[in-house]
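Work through the following exercises with the sequence and the coordinates at hand, and try each task before reading its solution.

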Amino acid sequence: MAMEPIIEAQALTKRFPAKKQKTTAAQQPPAVADLTFQVARGELVAFLGPNGAGKSTSLRMLTTLIPPTAGTARVVGFDILQRPADVRARIGYVGQLTSGSFSQRARDELLSQGAFYGMSKHAARRRADELIDSLDLGSFAARSVQQLSGGQKRRLDVALGLMHAPPLLFLDEPSTGLDPQSRANLWQHILELRRSHGTTVFLTTHYLEEADRYAERVMVMDRGRVIADDTAARLKAELAGDVISLGFDTPADADAAMPIVAALTDRDVRREDAASVTVTVPDGDALLPQAVRALDADGIRVQRATGVPPTLDDVFLALTGRTLREAGEGEPAEEPADDASAEQTGASR
Ligand SMILES: Nc1ncnc2c1ncn2[C@@H]1O[C@H](COP(=O)(O)OP(=O)(O)OP(=O)(O)O)[C@@H](O)[C@H]1O
Ligand SMILES: [Mg+2]
């Protein structure tokens with residue numbers, strides 16, 4: 001018999017009250033609409049989507065921080081509405097907003113967290129020192145939290161979420177604002193947690209290459225709805241595909257090449273510029289030499305051929321017609337997705 005899923009969301013929906021304007025809550029689109037999915041024990045799932053898509057709202061419902069407007073979920077075997085305390089005791093959660101207002105020292109903060117989860121002093125010390133080591137907190141572990149930089153605080157936040165080694169960990173943008181070395185360390189730690197404890201990890205990120213590389217499953221959310229849910233490799237192969245570009249000596253050659261490439265690929269072939277064409281195909285590695293041979297056989301010399309593998313952004317583009325960067329609820333474009341500065345107020349743990 002299959003094991004019970006560790007997360008089982010059933011039509012989870014969240015509508016926030018309308019702002020002052022005339023719109024009523026009923027007219028306003030829900031922040032999260034009809035979210036239904038399951039996560040098996042031990043999975044590593046990345047939740048992607050533009051700003052305002054509803055990722056944090058989903059996580060906050062699943063962690064019992066806010067009640068859904070409709071629907072429900074079972075998390076670690078307990079209903080989030082009926083048994084919120086049981087859910088909370090068995091999960092770790094690192095919110096998107098950083099804490100930062102503590103006057104305790106970073107290491108003491110970790111020990112308090114351990115005590116809160118009922119760890120013995122000895123176990124808490126051992127675990128804190130392990131995390132200080134692996135997340136590289138050593139240089140500031142004795143400093144008070146108020147004095148830490150944004151990235152240092154973020155690493156401490158993540159360490160706090162990992163203190164009691166819960167079976168299920170929710171991380172809302174754990175790597176946002178970290179330098180590349182710290183991001184890599186954090187990921188090594190997450191992967192190690194899974195290897196050694198079988199921890200299930202459900203996280204959000206705006207770093208597509210992270211999701212692509214480390215997550216075994218990617219859920220894409222847009223406007224409150226999950227619009228794709230699969231491995232990154234399958235999403236890319238099925239929805240996006242490799243972009244092949246072929247360059248020729250003359251525009252006349254490009255003209256002649258278009259129907260040949262179209263027949264070979266059964267896809268729309270587009271003109272890239274006067275003397276080159278482009279086509280998106282599921283398996284570029286195989287197609288590229290075939291196309292060159294077919295054109296050659298017709299006396300058309302291919303002067304340049306490249307194949308670019310798709311990214312998860314291409315997947316989002318294929319699904320929505322927008323890039324992830326464009327899609328963020330009309331927020332100012334100058335706000336980079338990897339900038340933590342917008343997220344530094346308030347505590348959500
Ligand atoms: N407390 C709240 N009150 C009113 N509206 C809210 C509240 N929290 C979130 N929203 C709205 O719900 C929608 C989803 O927000 P949410 O924070 O879940 O997005 P997100 O996917 O986490 O985005 P980001 O990538 O920017 O973190 C947005 O339109 C947001 O403005
Ligand atoms: Mg968010």
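The exercises below concern a predicted model, and each task is followed by a worked solution.

**Exercise 1. The fold as a whole**

Task: State how many helices and strands the protein has, what share of its residues is buried, and what share of the contacts between residues at least 6 apart joins residues at least 24 apart.

Solution: Begin with the secondary structure, which comes to 12 helices and 14 strands. Next, take burial: of the 349 residues in the protein, 48% are buried. Then turn to the contacts between residues at least 6 apart in sequence, of which 70% join residues at least 24 apart. Finally, the accessible surface comes to about 16,900 Å², and carbon and sulfur atoms account for 50% of that surface.

**Exercise 2. The surroundings of ligand 1**

Task: Identify the closest residues around ligand 1, and describe how the shell divides into nonpolar, polar and charged residues.

Solution: Ligand 1 is surrounded by 14 residues, the closest being Asn51, Gly52, Lys55, Thr57 and His206. Sorted by character, the shell holds four nonpolar, seven polar and three charged residues. The next step is to look for polar atoms facing the oxygen atoms of the ligand. A polar backbone atom of glycine 54 lies 2.9 Å from an oxygen atom of ligand 1, while the side chain of serine 56 has an N or O atom at 2.8 Å from an oxygen atom of the ligand, and the side chain of glutamine 96 has one at 2.9 Å. Taken on its own, ligand 1 has 640 Å² of accessible area, and the protein covers 65% of it.

**Exercise 3. The magnesium ion**

Task: Determine which protein atoms coordinate the magnesium ion (ligand 2), and where their residues lie along the chain.

Solution: The magnesium ion is coordinated by OG of Ser56 and OE1 of Gln96, at 2.0 to 2.1 Å. Placing this pair on the chain shows that it links distant parts, for serine 56 belongs to helix α1 (residues 55–62), whereas glutamine 96 sits in the loop between β6 (91–94) and α3 (106–116), 40 residues apart. To classify their exposure, apply the cut-off of under 20% relative accessible area for a buried residue. Serine 56 is buried because its relative accessible area is 18%, and glutamine 96 is buried because its value is 16%.

**Exercise 4. Histidine 206, threonine 204 and glutamate 173**

Task: Trace the contacts that histidine 206 and threonine 204 make with glutamate 173, and decide whether glutamate 173 is buried or exposed.

Solution: Start from histidine 206, which is found in the loop between β8 (200–204) and α7 (208–214) and counts as buried because its relative accessible area is 17%. Its C-alpha atom is separated by 7.8 Å from that of proline 50, although the two residues are 156 residues apart along the chain. The side chain of histidine 206 makes a polar contact with the side chain of glutamate 173, at 3.2 Å.

Move on to threonine 204, a residue of strand β8, which is buried because its relative accessibility is 0%. Its side chain reaches the backbone nitrogen of glutamate 173 at 2.8 Å. Leaving aside residues up to four places away in sequence, threonine 204 touches Phe47, Lys55, Leu59, Leu171, Asp172, Glu173 and Pro174.

Finish with glutamate 173 itself, which lies in the loop between β7 (168–172) and α6 (180–197) and is buried because its relative accessibility is 6%.

**Exercise 5. Positive phi angles**

Task: Compare the phi angles of glutamate 173 and aspartate 136 with the general tendency.

Solution: Most residues other than glycine have a negative phi. Glutamate 173, however, has a positive phi near 50°, and aspartate 136 has a positive phi of about 60°. Aspartate 136 is placed in the loop between α4 (121–134) and α5 (150–162), and it counts as partly exposed because its relative accessibility is 42%.

**Exercise 6. Threonine 320**

Task: Describe the position of threonine 320 and the residues that it touches.

Solution: Threonine 320 lies in helix α11 (residues 312–320), and it counts as partly exposed because its relative accessibility is 22%. Apart from residues up to four places away in sequence, it touches Asp222 and Ile227. From C-alpha to C-alpha, threonine 320 and aspartate 222 are 8.4 Å apart in space, with their positions 98 residues apart in sequence. A polar atom of the side chain of threonine 320 also lies 3.0 Å from the backbone nitrogen of arginine 322.

Notes: Residues numbered from 1 in each chain as written. Chains lettered and ligands numbered in written order. Predicted model: local features only at pLDDT ≥ 70, side-chain atom pairs only at ≥ 80, totals over all residues. Heavy atoms only, no water. Near = heavy atom within 4 Å. Polar contact = N/O pair within 3.5 Å; in protein donor to acceptor, adjacent residues only side chain to side chain. Areas by Shrake-Rupley, 256 points an atom, 1.4 Å probe, with all protein chains shown as cover. Nonpolar A, V, L, I, M, F, W, Y, C, P; charged D, E, K, R; others polar. Donors = N, O, S within 2.8 Å, 3.2 Å for Na, K, Ca; no water. Helix = DSSP H or I, 4+ residues; strand = E, 2+ residues; numbered from the N terminus. Buried < 20%, exposed > 50% of the residue type's maximum accessible area, 1.4 Å probe, protein only. Contact = heavy atoms within 4.5 Å.
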